Amino acid sequence: MNVFDIVGPVMIGPSSSHTAGAARIGKAARLLLDEEPLEAEILFHGSFAKTYRGHGTDKAVTGGILGFDPWDPRIRNSLGLAAEAGMKLDIITGIIEDAHPNTVQIRLIGKSGKSVSLQGASVGGGNILITRINGMAVNFSGQYPTLIVLHHDHPGAIAHVTALVSGCQANIANFRLSRQEKGGLAIMTIEMDQPMDASAAQNIRSIPDVVDVVLLKLS
């Protein structure tokens, strides 16, 4: 149990699920992109699709994409701030198969042309569950420092990465691997009990099979 379960999150907006959790999902997408977003497509599913205007879920997700925390008062004006920043924003609704009712899919394109996609659900009390990154299944809550490693699925890649994590005295709480196909692109999601510093993440990025590394720290 964490503090969210006891007193609820500190936040802007009327609903922990529709605003605080939504903002955290948006921020996860921004951290995954790791650069200023120029385009954002936001697809709301289920109850998000039905009530996002009334609950301000569109403002919350957009605020997260801009890098705001759930308690940042700028969330109230995030749609206007996104326009001022020159970010093209497309908000749509749709059906996502086998998804939690409070689910959003986000696709971002950054200044360099880099693109990422993320699917996440707001599961109550400001808590979230990220379930897809770039179309590949993942499963993490953002409550731990989480290392996201995009890599080629070659022998030794996992061992090399986890050895570097261990060398930083970071204990692995949860580990998951998702891949498109054997030998293709894969994603490691590594939740850790202790945070890892940026230099350690840079060392992982230098591993030959590694394509990209992002360290997510949402809480």
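## Exercises on two sheets, their helices and an aromatic cluster

Strand 3 (residues 102–110) and strand 4 (residues 115–124) run antiparallel and are joined by 7 bridges. The model is a predicted one. Work through the exercises with the structure in view.

**Exercise 1. Follow strand 4 to its partners on both sides, and find the residues that face Gln 119.**

Step 1. Begin with strand 3. Gln 105 has Gln 119 of strand 4 as its bridge partner.

Step 2. Look at the hairpin that links these strands. Strand 3 and strand 4 have 4 residues between them. Gly 113 in this hairpin takes a positive phi near 95 degrees.

Step 3. Go on to strand 5 (residues 127–133). Strand 4 pairs with strand 5 over 6 bridges, in the antiparallel sense. Here Gln 119 stands opposite Arg 132.

Step 4. Check the second turn. The hairpin of strand 4 and strand 5 has 2 residues between the strands. Gly 125 in that turn has a positive phi of about 65 degrees.

Result: Gln 119 faces Gln 105 in one pairing and Arg 132 in the other.

**Exercise 2. Give the strand order of the sheet with 6 strands, and say which strands stand at its edges.**

Step 1. Write down the order. It is 2-1-3-4-5-6, in an open sheet with mixed pairing.

Step 2. Find the ends. Strand 2 (88–93) and strand 6 (136–140) each have a single partner strand, so one side of each lacks a neighbour in the sheet.

Step 3. Add the twist. From one strand to the next it averages 20 degrees.

Step 4. Inspect the edge at strand 6. Strand 5 and strand 6 pair over 3 bridges in the antiparallel sense. Ile 130 stands opposite Phe 140 of strand 6.

Step 5. Place the helices. Helix 3 (residues 47–55) lies across strand 1 (37–46), strand 2, strand 3 and strand 4. Helix 3 runs at about 115 degrees to strand 1. Helix 4 also packs on the sheet, where it touches strand 1, strand 2 and strand 3. The direction of helix 4 makes about 145 degrees with that of strand 1.

**Exercise 3. How many aromatic pairs are there, and which residues form the cluster?**

Step 1. Count the pairs. There are 2 aromatic pairs.

Step 2. Take Phe 44 and Phe 48. Their ring centres are 5.8 Å apart, with 85 degrees between the planes. Planes over 60 degrees apart count as edge-to-face, so this pair is edge-to-face.

Step 3. Take Phe 44 and Tyr 52. Here the centres are 4.9 Å apart, with 25 degrees between the planes. Planes under 30 degrees apart count as stacked, so this pair is stacked.

Step 4. Join them. Phe 44, Phe 48 and Tyr 52 make one aromatic cluster.

Step 5. Test for burial. Phe 44 has 0% relative accessibility and so counts as buried. Phe 48 is also buried, at 0%. Tyr 52 is buried as well.

**Exercise 4. Is helix 4 mostly covered or mostly uncovered, and what surrounds Asp 58?**

Step 1. Count the buried residues. In helix 4, 8 of 9 residues are buried, and the helix is mostly covered. Among them are Thr 57, Ala 60, Val 61 and Ile 65.

Step 2. Locate Asp 58. Its place is in helix 4 (residues 57–65).

Step 3. Look for a charged partner. Asp 58 is buried but has no salt bridge. Arg 53 is the nearest side chain of opposite charge, 5.7 Å away. A salt bridge needs a distance within 4 Å, so Arg 53 does not qualify.

Step 4. List the contacts. Leaving out residues up to four places away in sequence, Asp 58 touches Phe 44, Tyr 52, Arg 53, Leu 79 and Ile 91.

Step 5. Leave the helix. Just after helix 4, Gly 67 takes a positive phi of about 100 degrees.

**Exercise 5. Describe the sheet of 4 strands and the helix packed on it.**

Step 1. State the order. This open sheet runs 8-9-7-10, and its pairing is antiparallel.

Step 2. Name the edges. Strand 8 (172–179) and strand 10 (210–216) have a single partner strand each, so each has one side without a neighbour in the sheet.

Step 3. Add the twist, which averages 15 degrees from one strand to the next.

Step 4. Examine one pairing. Strand 7 (residues 146–152) and strand 10 run antiparallel, joined by 6 bridges. Ile 148 stands opposite Val 214 of strand 10.

Step 5. Place helix 7 (residues 198–205). Helix 7 packs on the sheet and touches strand 7 and strand 10. Its direction makes about 160 degrees with that of strand 10.

Key
Residues numbered from 1 in each chain as written. Predicted model: local features only at pLDDT ≥ 70, side-chain atom pairs only at ≥ 80, totals over all residues. Heavy atoms only, no water. Phe/Tyr/Trp six-rings, centres within 6.5 Å; stacked < 30°, edge-to-face > 60°. Buried < 20%, exposed > 50% of the residue type's maximum accessible area, 1.4 Å probe, protein only. Pairing = 2+ DSSP bridges. Lys, Arg positive; Asp, Glu negative; His and termini not counted. Contact = heavy atoms within 4.5 Å. Axes fitted to C-alpha atoms, helices over the stretch in contact; angles between N-to-C directions.
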